[in-house]
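Please work through the exercises below with the sequence and the coordinates open beside you. Each task sentence is followed by a solution that goes step by step.

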Amino acid sequence: MHQVASLEEVSAGVYAYVQPDGTWWINNAGFIVGSESVILIDTCSTQRRTTQLLDAVRSVTSAPVNIVVNTHHHGDHTHGNSFTAPAAIVAHRRCRETLLATGINHYEAVFQQPDWGSLRLSPPVITFESQLDLWADDLAVELHYIGEPAHTTNDVVAWIPDRKVLFTGDLVFHQGTPFVVMGSLAGSRRAIDRLREFGAEVIVPGHGPVCGPEVFDVVERYLTFVHDTAVNARHSGTSPLHAAQAADLGEFAALSDSERLVGNLHRAMAEMDGPHGNDSMSMTQALADMLTFNGGGVLRCLA
Ligand SMILES: [Zn+2]
């Protein structure tokens, strides 16, 4: 049984679309309603979920979606892009490059497979490097690249300064375990500082309920925990998998998808060997170790 998504007007004409329970492939989206058009922030992982998101838009306005922002390339935020045609997809340049290189990726070896629907790759057609301003009438929606690899290599936030609302994409998981295996641990830690600098009062995270800036403290503590665990593992010659199995999760045991710790440790330990560890880490091994940590078999996916 799929849980029903909630639509929350976090500021006048600014909506957060929150899909419970926020675990693997179950993301948040959002939209900003102008008098003639709608800016959508992210799509969803499956055709069904994206259709429901677009139904939610139509429940508050008859204006068409004409711009879609992808906060990063991950499929739970981009798989539904084609269903928004003829809207223009906007993202960081590397989001487009990554999507074109990988295509629609279902990760069959890693996840239980949901009914994806009829997905068709629809890469961004407008890309930028550091900042791009969108407008919903006279309301500015600023897109900022976070500056370096963090959750992925192409993380973008949407900042509405007049309303102090920040859509963080997956730089923030609220009540879920952060995931840096496809980006950088060090970059993710610095990203938290950059997110704080916006001075946001309302945070729409990439997964989990809408919250305030206090969520940054939890994410920061988790990333520090990963760092410290990785340093200890390296000094004692322990593998990422064994370090994760031996770790005391403490307060982080309450976060969903705790197997991400193994992947995060792979990334953290690879980074000790060079910038962002891009050359020394095996993504295949990192993902395989997450399955082992979880007791074998593919990971649960409720999408
Ligand atoms: Zn993601």
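**Exercise 1: Two residues with positive phi**

D257 has 19 other C-beta atoms within 10 Å and is therefore partly exposed. The model is a predicted one, and this should be kept in mind throughout the exercises.

Task: Where does D257 lie, and what is its phi? Where does K164 lie, and is K164 buried or partly exposed?

Solution. Begin with D257, which is placed in the loop between α6 (240–246) and α7. Its phi is positive, about 60 degrees, although D257 is not a glycine. Next take K164, which sits in the loop between β10 (156–160) and β11 (165–173), and which likewise is not a glycine although its phi is positive, at about 55 degrees. To settle the exposure of K164, recall that a residue is buried if 20 or more other C-beta atoms lie within 10 Å of its own, and exposed if 12 or fewer do. K164 has 16 C-beta neighbours inside 10 Å, and therefore counts as partly exposed.

**Exercise 2: Cis peptide bonds**

Task: Which residue is joined to P20 by a cis peptide bond, and in which loop is P86 found?

Solution. The partner of P20 is D21, and the omega of this cis bond is about 0 degrees. D21 belongs to the loop between β2 (14–18) and β3 (29–33). For the second part, P86 is found in the loop between α2 and β6, and the peptide bond that leads from A85 to P86 is cis, with omega near 5 degrees.

**Exercise 3: A residue of strand β3 and a residue of a loop**

Task: Is I32 buried or exposed, and which residues does M281 touch, not counting residues up to four places away in sequence?

Solution. I32 is located in strand β3, and it is buried because 27 other C-beta atoms lie within 10 Å. If residues up to four places away in sequence are left out, I32 touches G13, V14, V38, I39, A136, L139 and V141. I32 and W135 are separated by 103 residues in sequence, while their C-alpha atoms are 9.3 Å apart in space.

M281, by contrast, is found in the loop between α7 and α8, where it counts as buried because it has 22 C-beta neighbours inside 10 Å. With residues up to four places away in sequence again not counted, M281 touches H266, R267, A270 and A286.

**Exercise 4: Two helix pairs that share α7**

Task: At what angle do α7 and α8 pack, and which residues of α5 meet α7?

Solution. Helix α7 (residues 260–271) and helix α8 (residues 283–293) have axes 8 Å apart and pack at an angle of about 150 degrees. The cut-off for a roughly antiparallel pair is an angle over 145 degrees, and α7 and α8 are therefore roughly antiparallel to each other. Their crossing is right-handed. On the α7 side the contact is made by R260, V262, G263 and H266, and on the α8 side by Q285, A286, L287, D289, M290 and F293. By class, the residues of this contact of α7 with α8 are five nonpolar, three polar and two charged.

Now turn to helix α5 (residues 215–236), whose axis comes within 9 Å of that of α7 and crosses it at roughly 65 degrees. The crossing of α5 and α7 is right-handed. From α5, the residues V226, H227, T229, A230, A233 and R234 meet L261, N264, L265, A268 and M269 of α7. The residues of the contact of α5 with α7 comprise seven nonpolar, three polar and one charged.

**Exercise 5: Helix α3 and the two domains**

Task: Which residues of α3 are buried, and how many residues of domain 1 are in contact with domain 2?

Solution. In helix α3 (residues 93–102) the buried residues are R94, C95, R96, T98 and L99, and they pack against α2 (75–78), β6 (88–92) and β7 (126–128). After α3 comes G103, with a positive phi near 65 degrees.

For the domains, the assignment gives domain 1 (6–214) and domain 2 (221–293), and their centres, taken over C-alpha atoms, are separated by 26 Å. In the contact between them, 19 residues of domain 1 meet 21 residues of domain 2. The side of domain 1 that touches domain 2 has nine nonpolar, eight polar and two charged residues.

Notes:
Residues are numbered from 1 along each chain as its sequence is written. This is a predicted model: local features need pLDDT of at least 70, side-chain atom pairs count only at pLDDT 80 or more; totals for chains, interfaces and linings use all residues. Axes are lines fitted to C-alpha atoms, for helices over the stretch in contact, and angles run from 0 to 180 degrees between N-to-C directions. Helices (H or I, at least four residues) and strands (E, at least two) are DSSP runs, numbered from the N terminus. Angles under 35 degrees count as roughly parallel, over 145 as roughly antiparallel, 65 to 115 as roughly perpendicular and the rest as oblique. A crossing is left-handed if the near helix is turned anticlockwise from the far one by less than a right angle, and right-handed if clockwise. Two residues are in contact if their C-beta atoms, placed from the backbone, lie within 7 Å. Ala, Val, Leu, Ile, Met, Phe, Trp, Tyr, Cys and Pro count as nonpolar, Asp, Glu, Lys and Arg as charged, and the others, Gly among them, as polar. Domain bounds come from an automatic or database domain assignment.
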